[in-house]
Structures are given as structure tokens and as C-alpha cells.
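This report goes through a protein model by topic, starting with its strands. The sequence and structure are shown below.

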Amino acid sequence: RVPEGVRYGVVNAIMFLSQSYKESIQYDACDENNWEQVNDRFPLSNACGQVGMSYQDMHCREDEAYMECPVRAEMEQVALTNAGWFQAPGPFKCGPRSKFPLTGFWDYDLGRENNDDA
């Protein structure tokens, strides 16, 4: 008999991979896309959370807390892919405030990040 925790883990992995597979086909990307606009712009800070979420503040339920990893304040991550639609924002990146003190927005006209008007 398989322990219930193992079953939950397998189901979670399958669901995650299924969602990733669907989005990788739909958007031709393996990473999360910057798709939430604020004031008609795509904020670079969306890498930290979209739809009102703060990814670093997310926690497991109490009964699943043993699966939670601590936040590493100096961790950096850069996505490999981004959405392929015309003038789509570039890949997400995030890291410590010491390295990225300002986050601006994706500038359609310039086709790059704009931190001057943050």
C-alpha cells in the first residue's frame, strides 16, 4: 500500500506537468509569461507575482509545511523562454533588491526593459 503523502506528491507532479505541457504548447514557452498589465504596461515586477499574488510569501498549508522550502534572499532566477506574440515582454527574471533596485516595465516601442520610468 502506497502512503497517502506519496499519492498526493505524485498527483501534484502530474498536475503541474500537465499544466506546463498545456501552456508550453499554447504559448510556445516553458516559463511563466508576463501577461498581467498595470496601467497599460507589463511591469517587470510581475516576476514576483501576478494576479495579486506574492510568490515569495506563498506558504504550504500547515499539514503540508514539511514540503516547503525556505526563501533564499540572495537567489537569482532568469527564465529561458517568454511568450512569442508580437511585442511580448521578455523572459522573467528576479533576484535580490541589491542587484535589481528598480523594476520598470516592458517598453513596446524599444522592445526592451525600461527602468528609467519605473
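## Sheet

The model, which is predicted, has an open sheet of three strands in the order E1-E4-E5, and the pairing is antiparallel. At the edges stand strand E1 (42-43) and E5, each of which pairs on one side only. Strands of a sheet can pair in parallel or antiparallel fashion, through backbone hydrogen bonds.

Three bridges join strand E4 (residues 105-107) to E5 in the antiparallel sense. One residue pair can be picked out here: Trp106 has Glu113, in E5, as its bridge partner.

## Salt bridges

Side chains of opposite charge can pair when their charged atoms come close. How many salt bridges does the count come to? The count comes to four.

Glu113, the bridge partner of Trp106, also takes part in a salt bridge with Lys93, where the closest N and O atoms are 3.4 Å apart. This pair links distant parts of the chain, since Lys93 belongs to strand E3 and Glu113 to strand E5 (residues 112-114), 20 residues apart. Are these two side chains buried or exposed? Lys93 has a relative accessible area of 31% and is partly exposed. Glu113 is at 23% relative accessibility, so this residue also counts as partly exposed, given that buried means under 20%.

Arg61, Asp63 and Glu64 are linked in a network of salt bridges. Arg61 pairs with Asp63, with 3.1 Å between the closest N and O atoms. The side chain of Arg61 also meets that of Glu64 in a salt bridge, at 3.2 Å from N to O. Arg61 counts as exposed because its relative accessibility is 52%, and the exposed class is set at over 50%.

## Cysteines

The disulfide count is zero. Why does Cys48 form no bond with the closest cysteine sulfur? That sulfur is in Cys94, and the distance of 6.0 Å is too far for a bond, because a disulfide needs the two sulfur atoms within 2.5 Å. Cys48 is partly exposed, with a relative accessible area of 46%.

Cys69 is in no disulfide either; the nearest cysteine sulfur, that of Cys60, is 8.2 Å away. With 63% relative accessibility, Cys69 counts as exposed.

## Largest pocket

Rolling a probe the size of a water molecule over the atoms shows where empty space is left. The largest pocket has a volume of about 1600 Å³. Its lining is made up of 46 residues, and those nearest the pocket centre are Ala47, Cys48, Tyr55, Gln77 and Cys94. Two of these names, Cys48 and Cys94, are also the cysteines whose sulfurs lie 6.0 Å apart.

Which elements give two or more residues to the lining? They are helix H1 (4-27), strand E2 (77-78) and strand E3 (93-94). H1 gives the largest share, six residues. Lys93, the salt-bridge partner of Glu113, lies in E3. By class, the lining of the pocket contains 25 nonpolar residues, 13 polar residues and eight charged residues.

Key. Residues numbered from 1 in each chain as written. Predicted model: local features only at pLDDT ≥ 70, side-chain atom pairs only at ≥ 80, totals over all residues. Heavy atoms only, no water. 1 Å grid on protein atoms, 1.4 Å probe; cavity = no way out; pocket = protein on both sides within 12 Å on 5 of 7 lines; lining within 4 Å. Points joined across faces, edges and corners; volume = space filled by probe spheres on them. Helix = DSSP H or I, 4+ residues; strand = E, 2+ residues; numbered from the N terminus. Nonpolar A, V, L, I, M, F, W, Y, C, P; charged D, E, K, R; others polar. Buried < 20%, exposed > 50% of the residue type's maximum accessible area, 1.4 Å probe, protein only. Pairing = 2+ DSSP bridges.
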